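Subject: Structure handover

Hello,

Here is the structure you will be working with. Please open it beside this email, as the notes below refer to it throughout.

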Amino acid sequence: MRGIFTFLGMTLAIIIVTSVLLYEDEGEVITIGASSGPYSDMVNLALKPALEEQGYTVEIVEYTDYIQPNNALHNGDLDANLYQNVSFMKDFNKENGTDLLNLIQVPTAPMGLYSSQFESLEAIENGSEVALPLDPVNSSRGFQTLEDAGLIEIAEDANMLAIEEADITQNNKNLEFVFQDSGQLPRSVDQIGLSLVPGNYALASGMNLADALQLEVMNENFRNQIVINAEDENSKMADDLIKAVESEHFKQTIDEEFQGFDKPERF
């Protein structure tokens, strides 16, 4: 009988030791949400390997909208997400009472002005319709891109994060603005003929950034960020996410796989 108890004790010890070793080999699990398309690709190709080198096991959850990734992060289903700029995040916090924090900028696909009808900015006809994103932050990006293209002028005292039609002081081609959900904008290139498409939607639809009549001149308010819950700001996970983005693997992958993306200065 004593031999049986000894055998069972040794077996239990082996199971415990094996479980501990397997857990240590697996590493701490970090769950990251990203929008389908270039940013889930960025997590898969650039961020995940850099985190795995630090001993993490990385799980990736893809989303097709702009609301669920933040709700999931706030609820604890995600440890971080990658799909939004700091302006969008701040608006989300204000509207939903969340406490999300932008951790570090990443290279971002710029918005572009695309056309199936006109081959150049000069060829755009007077009175043409142009589609813009519906939400205030991205429509502001669209208006600034039109200004960079020389098609409109915006009042100097306008809130550049919430530009409205009333802020336009000069409309050189008498453009008519049509506001749509961002997911519709790639189709509007053909349906309307002129459309401002956020870079992630353009790439996800098989469009080429180089085909844009005008690419966005991006500022730091509009570059995408890795976002976490504010309570994790000083955590080891946060430090390791920053290290991963600043790693040589991440930078090399961006150069090879994400050409045309706007890069923060440190890149």
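**The largest pocket**

The largest pocket has 17 lining residues, and those nearest its centre are Tyr66, Ile67, Phe88, Asp135 and Pro136. Please keep in mind that this is a predicted model. The space in this pocket comes to about 340 Å³. Two helices, H4 (86-96) and H5 (136-148), each supply at least two residues of the lining. H4 gives the largest share, five residues. By class, the lining of the largest pocket has eight nonpolar, five polar and four charged residues.

**Helix H4**

Which residues of H4 are buried? They are Val86, Ser87, Phe88, Met89, Phe92 and Asn93. These buried residues pack against helix H3 (68-75), E3, E4, H5 and strand E12 (224-229).

Both ends of H4 have something to look at. At the N-terminal end, asparagine 85 acts as a cap, with a side-chain oxygen 3.2 Å from the backbone nitrogen of serine 87. After H4 comes glycine 97, which has a positive phi, near 70°.

**The cavities**

There are two cavities of 30 Å³ or more. The largest cavity holds about 110 Å³ of space. It is lined by 15 residues, and Tyr66, Tyr83, Asn138, Arg141 and Asn224 are the closest to its centre. Strand E3 (80-85), H5 and helix H7 (199-204) each give two or more residues to this lining. The largest share, three residues, comes from E3. Sorted by class, the lining of the largest cavity has seven nonpolar, seven polar and one charged residues.

The second largest cavity has about 40 Å³ of space. Its lining is made of Arg141, Gln144, Thr145, Asp148, Glu216, Val217, Asn219 and Phe222. Two of these lining residues are nonpolar, three are polar and three are charged. Arg141 is named in both cavity lists: it is among the residues closest to the centre of the largest cavity, and it also lines the second largest cavity.

**Aromatic pairs**

How many aromatic pairs does a search of the whole structure find? It finds eight. One of them joins tyrosine 83 and phenylalanine 88: the ring centres are 6.2 Å apart and the planes meet at 70°, so the pair is edge-to-face. Tyrosine 83 and phenylalanine 88 are both buried. Phenylalanine 143 and phenylalanine 179 make another pair, with centres 6.2 Å apart and planes at 65°, so this one is edge-to-face too. It links distant parts of the chain, because phenylalanine 143 is in helix H5 and phenylalanine 179 is in strand E9 (residues 176-180), 36 residues apart.

Is each partner buried or exposed? Phenylalanine 143 has a relative accessibility of 1%, so it counts as buried. Phenylalanine 179 has 33%, so it counts as partly exposed.

Ring pairs also link Tyr66, Tyr83, Phe88 and Tyr201 into a cluster. Some of these names have come up before: Tyr66 and Phe88 are among the residues nearest the centre of the largest pocket, while Tyr66 and Tyr83 are among those closest to the centre of the largest cavity.

**Two buried residues with polar side chains**

Serine 140 lies in helix H5. Why does it count as buried? Its relative accessible area is 0%, and buried means under 20%. The side chain of serine 140 reaches the backbone nitrogen of alanine 162 at 3.2 Å. Beyond its neighbours within four places in sequence, serine 140 is in contact with Met160, Leu161, Ala162 and Ile163.

Threonine 108 is in the loop between strand E4 (100-105) and strand E5 (112-115). Its relative accessibility is 2%, so threonine 108 counts as buried as well. A polar atom of its side chain lies 2.9 Å from the backbone oxygen of valine 106. The side chain of threonine 108 also reaches the backbone nitrogen of asparagine 224, at 2.8 Å. Leaving aside neighbours within four places in sequence, threonine 108 is in contact with Tyr39, Met218, Phe222, Arg223, Asn224, Phe261 and Asp262. Two of those contacts have appeared above: Phe222 lines the second largest cavity, and Asn224 is among the residues closest to the centre of the largest cavity.

Regards

How values were computed
Residues are numbered from 1 along each chain as its sequence is written. This is a predicted model: local features need pLDDT of at least 70, side-chain atom pairs count only at pLDDT 80 or more; totals for chains, interfaces and linings use all residues. Side-chain values use heavy atoms; hydrogens and water are left out. On a 1 Å grid over the protein atoms alone, a cavity is a set of points where a 1.4 Å probe fits but cannot get out, and a pocket is an open set with protein on both sides within 12 Å along at least five of seven lines; lining residues have an atom within 4 Å of a point. Grid points are joined across faces, edges and corners, and a volume is the space filled by probe spheres set on the points. Helices (H or I, at least four residues) and strands (E, at least two) are DSSP runs, numbered from the N terminus. Ala, Val, Leu, Ile, Met, Phe, Trp, Tyr, Cys and Pro count as nonpolar, Asp, Glu, Lys and Arg as charged, and the others, Gly among them, as polar. Buried means under 20% relative accessible area, exposed over 50%, partly exposed in between (1.4 Å probe, protein chains only). A polar contact is a pair of N or O atoms within 3.5 Å; within protein, one must be able to donate a hydrogen and the other to accept it, and residues adjacent in sequence count only if both atoms are side-chain atoms. Contact means heavy atoms within 4.5 Å. Rings of Phe, Tyr and Trp (its six-membered ring) pair if their centres lie within 6.5 Å; planes under 30 degrees apart count as stacked, over 60 as edge-to-face and the rest as tilted.
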